[in-house]
Amino acid sequence: MSPPDLALRGLRLETGSPASPVVLVDGIDLGITRGRVQALVGTSGGGKSLSTLALLGLLPRGVRRSAGSISLDGVELTEAGVVALRGRTVGLVQQNPTGCFNPIVTIGRHFQETLALTGTGARAARATAVARLAEVGFDAPARLLELYPFQLSGGMLQRVAIALALACDPPFLVADEPTTDLDLVVQAQILDLLDGLRRHRGIGILLVTHDLSVVARLADEVAVLIEGRIVESRDAHGLFATPRDPCTRALLDVHFALQPEALCA
Ligand SMILES: Nc1ncnc2c1ncn2[C@@H]1O[C@H](COP(=O)(O)OP(=O)(O)OP(=O)(O)O)[C@@H](O)[C@H]1O
């Protein structure tokens with residue numbers, strides 16, 4: 001298979017002093033291809049969030065990348081190049097949409113501030129905001145611009161967060177547990193929306209989730225990250241049908257114990 005368009009290779013993340021580092025993840029290969037959904041699954045604390053944050057140059061203080069490279073369309077990026085990916089090349093959607101918004105700033109202002117990063121003026125930002133909000137399914141997007149985040153439900157806010165992530169027209173989206181805090185009906189709407197973006201925009205999505213039903217619904221490829229290492233990485237259908245690694249099998253067993261219906265990718 002050809003390498004992903006946006007690729008992380010040999011990622012090693014450490015914390016603690018450089019003299020006696022604690023290794024958090026090691027040897028991580030992960031990537032996103034336009035028009036495809038790459039899922040990243042695994043046990044809690046395995047390193048999913050840190051690995052995706054590394055892809056965006058957003059590592060928290062105290063965590064450093066001690067090995068690994070990030071490349072876009074085959075060209076290795078510098079640190080500054082990785083930071084420049086955010087927004088324009090990769091949009092980020094996180095869990096708990098409420099926490100992603102400034103409560104005292106209107107939805108319209110959020111778009112204005114995001115689009116100002118690309119030198120977009122207020123009038124053009126408004127037009128883009130209306131277009132993106134319509135794209136994620138709002139019937140009266142112009143009215144939304146005047147509202148504050150607390151006036152919207154969690155599901156509406158997650159759709160606004162996706163519209164904001166798309167503001168600068170990025171070819172890639174990183175979605176870290178995008179449905180975790182939402183009820184089942186809204187979860188299904190958000191998954192349909194992400195699937196539509198992949199099909200209609202040709203956007204490439206890195207989907208971080210602990211929910212294998214979500215993986216089965218959306219993913220083309222799956223990487224299983226356990227205790228800082230990828231133990232299996234392949235097409236979703238093959239992984240569900242014939243899991244090779246004992247850790248993958250254990251994840252599937254736990255899933256089936258809780259949700260007996262078949263996973264069909
Ligand atoms: N800022 C930090 N400083 C030091 N260690 C950290 C930091 N953030 C996370 N870690 C550690 O790095 C490891 C991986 O964390 P990470 O949040 O990436 O896991 P995860 O797979 O996303 O877990 P979850 O599914 O629970 O969100 C964990 O052992 C965690 O305790």
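Begin by selecting the open sheet of this predicted model: its four strands lie in the order β2-β1-β4-β5, and their pairing is antiparallel. Colour β2 (22-32) and β5 (75-76) next; these are the edge strands, and each pairs on one side only. Strands of a sheet pair through backbone hydrogen bonds, in either a parallel or an antiparallel manner.

Now select residues 6-15, which form strand β1, together with residues 63-72, which form strand β4. How many bridges join strand β1 to strand β4? Eight bridges do so, and the two strands run antiparallel. For a single example, show Leu 13 and look across to β4, where its bridge partner is Arg 65.

Next, display the whole chain as a cartoon. Its secondary structure comprises 10 helices and 10 strands. The chain has a radius of gyration of 19 Å, close to the 18 Å that the globule rule gives for 265 residues, so it is as compact as a globular protein of that length. Taken along the principal axes, the box filled by the C-alpha atoms is roughly 50 × 45 × 35 Å.

Switch on the contacts within the chain. Of those between residues at least 6 apart in sequence, 68% join residues at least 24 apart.

Finally, turn to the surface representation. The accessible surface comes to about 12,400 Å², and carbon and sulfur atoms account for 54% of this area. Of the 265 residues, 48% count as buried. Select the charged residues last: the chain has 24 positive and 27 negative charges, and the mean positions of these two groups are 6 Å apart.

Technical notes: Residues numbered from 1 in each chain as written. Predicted model: local features only at pLDDT ≥ 70, side-chain atom pairs only at ≥ 80, totals over all residues. Heavy atoms only, no water. Rg over C-alpha atoms; globule rule 2.2 N^0.38 Å. Buried < 20%, exposed > 50% of the residue type's maximum accessible area, 1.4 Å probe, protein only. Contact = heavy atoms within 4.5 Å. Areas by Shrake-Rupley, 256 points an atom, 1.4 Å probe, with all protein chains shown as cover. Lys, Arg positive; Asp, Glu negative; His and termini not counted. Charge placed at Lys NZ, Arg CZ, Asp CG, Glu CD. Pairing = 2+ DSSP bridges.
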